[in-house]
Amino acid sequence: AYGIDFGTFTDRFEKLEEALQIIIPMLRCQRVTFTGKHYQVVDAFNSPAPLSRIPVMIGGGGERNGGGHGE
């Protein structure tokens, strides 16, 4: 509806992989410098720091063709 291109499954997975290389160290109170195909950051940090370790869990069901949930 908003014209946002989500790209292919491969594109989305690559973006997730890069994002996690930035996000996870930041959640561990580390500064991050990263240059990838989709994202670039220099000395990024999370402030205020989390009070405790934040677990990261990722789930998904992959692409679906035809009738399914949410259609």
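1. Among the contacts in this chain that join residues at least 6 apart in sequence, 27% link residues that are at least 24 apart. The model is a predicted one, and the points below should be read with that in mind. The chain contains one helix and two strands, and along the sequence these elements follow the pattern α-β-β.

2. As for burial and surface, buried residues account for 14% of the 71 residues in the chain. The area that the chain exposes is about 6,000 Å², and 56% of that area is supplied by carbon and sulfur atoms.

3. Helix 1 covers residues 9–27, which is 19 residues, and from its first C-alpha to its last it reaches 26 Å, close to the 27 Å expected at 1.5 Å a residue. Helix 1 also bends, by about 25°, and the bend is placed at Leu20. A reader tracing the helix in the structure may wish to look at Leu20 for this reason.

4. Which residues of helix 1 are buried? They are Glu18, Ala19, Ile22, Pro25, Met26 and Leu27. The cover over these buried residues includes strand 1 (32–35) as well as strand 2 (40–44), so that both strands of the α-β-β pattern take part in covering the helix.5. Several residues of helix 1 are partly exposed. Phe9, which is found in helix 1, has a relative accessibility of 43% and counts as partly exposed. Leu16 is also found in helix 1 and is partly exposed, with a relative accessible area of 33%. Lys15, another residue found in helix 1, is partly exposed with a relative accessible area of 30%.

6. On the surface there is a nonpolar patch of about 490 Å², made by Phe9, Phe13, Leu16, Ile24, Val56 and Ile58. Two of its members, Leu16 and Ile58, are 42 residues apart in sequence, while their C-alpha atoms are 9.8 Å apart in space.

7. What does Lys15 touch, once its neighbours within four places in sequence are left aside? Lys15 is in contact with His38 and Tyr39. Between Lys15 and Tyr39 the distance along the chain is 24 residues, and their C-alpha atoms are separated by 7.8 Å.

8. Turning to charged pairs, the count comes to two salt bridges. Side chains of opposite charge can pair when their charged atoms come close. In one of the two, the side chains of Glu14 and Lys37 meet at 3.3 Å, N to O. Glu14 lies in helix 1 and Lys37 in the loop between strand 1 and strand 2, so this pair ties together parts of the chain that are 23 residues apart in sequence. Glu14 counts as partly exposed, at 26% relative accessibility, whereas Lys37 is exposed, with a relative accessible area of 62%.

9. A salt bridge is also formed by Asp43 with Arg31, and here the closest N and O atoms are 3.5 Å apart. Because Asp43 lies in strand 2 and Arg31 in the loop between helix 1 and strand 1, the pair ties together parts that are 12 residues apart in sequence. Arg31 is exposed, with a relative accessible area of 52%, and Asp43 is partly exposed, with a relative accessible area of 38%.

10. The backbone deserves a separate look at a few residues. Asp43, which lies in strand 2, has a phi near 55°, a positive value in a residue other than glycine. Cys29 likewise has a positive phi, near 65°, and is a residue other than glycine. Cys29 comes just after helix 1, in the loop between helix 1 and strand 1, and is exposed, with a relative accessible area of 53%.

11. Where in the chain is there a cis peptide bond? The bond from Ser47 to Pro48 is cis, with omega near 5°, and Pro48 is found in the segment after strand 2.

12. To draw the points on helix 1 together, this element bends at Leu20, has buried residues including Ile22 and Met26, and contributes Phe9 and Leu16, among others, to the nonpolar patch. Through Glu14, helix 1 is also tied by a salt bridge to Lys37 in the loop between strand 1 and strand 2.

Definitions and conventions:
Residues numbered from 1 in each chain as written. Predicted model: local features only at pLDDT ≥ 70, side-chain atom pairs only at ≥ 80, totals over all residues. Heavy atoms only, no water. Helix = DSSP H or I, 4+ residues; strand = E, 2+ residues; numbered from the N terminus. Expected span 1.5 Å × (residues − 1). Bend = angle between axes of the 7 residues up to and from the residue. Buried < 20%, exposed > 50% of the residue type's maximum accessible area, 1.4 Å probe, protein only. Contact = heavy atoms within 4.5 Å. Patch = residues over 30% accessible without salt bridge, like charges linked within 9 Å, V, L, I, M, F, W, Y side chains within 5 Å. Areas by Shrake-Rupley, 256 points an atom, 1.4 Å probe, with all protein chains shown as cover. Salt bridge = Lys/Arg side-chain N within 4 Å of Asp/Glu carboxyl O.
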